[in-house]
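Okay, thanks everyone for squeezing in. Let me put this one up on the screen and talk you through a strand and the packing around it.

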Amino acid sequence: MRKKVLAGMIVGMLLVGQAMSVFAAGSKGTDDSSSSDTSASTETTAAVAATDDSAATASAMDSSAIAGVAAVDKTAATVIEQFNSGAMTLADVADTLAQDDAADADVIETMQADTTVAMTDFFDLQLADGAKKNANGKYEVKLSVTIPSGYDAYLLHFSTERGVWEMVKATIDSKAGTISAELDDLSPAAVIAVPTSTSGSEGGSGNSTSTGTGTETGATSPKTGVTSAWAIWMVAAVAFAGVALVAGTRKKNEQ
């Protein structure tokens, strides 16, 4: 009889071990998915095209364009060049801009958020042939870029005319796969996407209170499932060991 009780307890211990392995494997899977989301948020496309009715053309940042930026602001030129080469992330760009007292704090905070996505590299905006400013006294730029559902689009723009960084909200045409924005002047820009729930009505303002909600929701769901599986194994282990112990005690009493 002692052999049966011992066997039951051994099976129970094995089930406990299985429960712990399920828990550990599930936790690792959750961490891996989180890392994947973070890396995806830093990916960009190499180039972007302007539509035929855009007031500006969009071309890759060549050495001449970089030199033009450097003549106004060497730091800005370095940021653009290193971001396009992959040496800097969007958050790195924000950290660099944060050292400038004139930089907009809301813009920097928006760029530093893990949920902000760089949709393109920096490209050079130049006035298209025959294009003029619109009724608002601005250049209307239209670009072929697909923005993910649930995101707002912005142009992260460095004005070589004014020597300032700005983030201008764009209008999205999902059906046409384009965005449009109004700029005071034309120079290097990149398209970024900010979750609708975390972006404000103007240039990234009002986003500090709810950044990262989507990421947190996605991370907790699989973890809950792992905890449930682990609990089932643990209950089974304890129950099996308990039954074996009770059976052994009852048999001993009968004797």
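Quick bit of vocabulary before I point at anything: I'll say two strands pair if DSSP finds at least two bridges between them. And keep in mind that this is a predicted model.

So, let's start with strand E9, residues 189-195. On one side, E9 pairs up with strand E6, residues 151-159: the two run antiparallel, joined by seven bridges. If you want a spot to look at, find Leu-156, which stands opposite Ala-190 in E9. E9 also pairs with strand E3, residues 117-118, again antiparallel, over two bridges. There, Val-117 sits opposite Ala-193.

Now, is E9 buried or exposed? Seven of its seven residues are buried. As you know, side chains in a regular strand alternate between the two faces of the sheet. Here both faces are covered: Ala-189, Val-191, Ala-193 and Pro-195 on one side, and Ala-190, Ile-192 and Val-194 on the other.

Okay, on to the packing. The largest nonpolar core has 27 residues, and Met-111, Phe-122 and Trp-165 have the most contacts inside it. Several elements each supply at least two of its residues, among them E6, E9 and strand E7, 164-173, plus helices such as H5, 105-112. Helix H3 gives the largest share, five residues.

Zoom in on Met-111 for a second. Beyond its neighbours within four places in sequence, Met-111 is in contact with Leu-90, Ala-91, Val-93, Ala-94, Leu-97, Thr-116 and Leu-156. There's a second, separate core too, with 26 residues, including our Val-117 along with Ala-131, Leu-143 and Ile-147.

Note on methods. Residues numbered from 1 in each chain as written. Predicted model: local features only at pLDDT ≥ 70, side-chain atom pairs only at ≥ 80, totals over all residues. Heavy atoms only, no water. Buried < 20%, exposed > 50% of the residue type's maximum accessible area, 1.4 Å probe, protein only. Helix = DSSP H or I, 4+ residues; strand = E, 2+ residues; numbered from the N terminus. Core = buried A, V, L, I, M, F, W, Y, C linked by side-chain atoms within 4.5 Å. Contact = heavy atoms within 4.5 Å.
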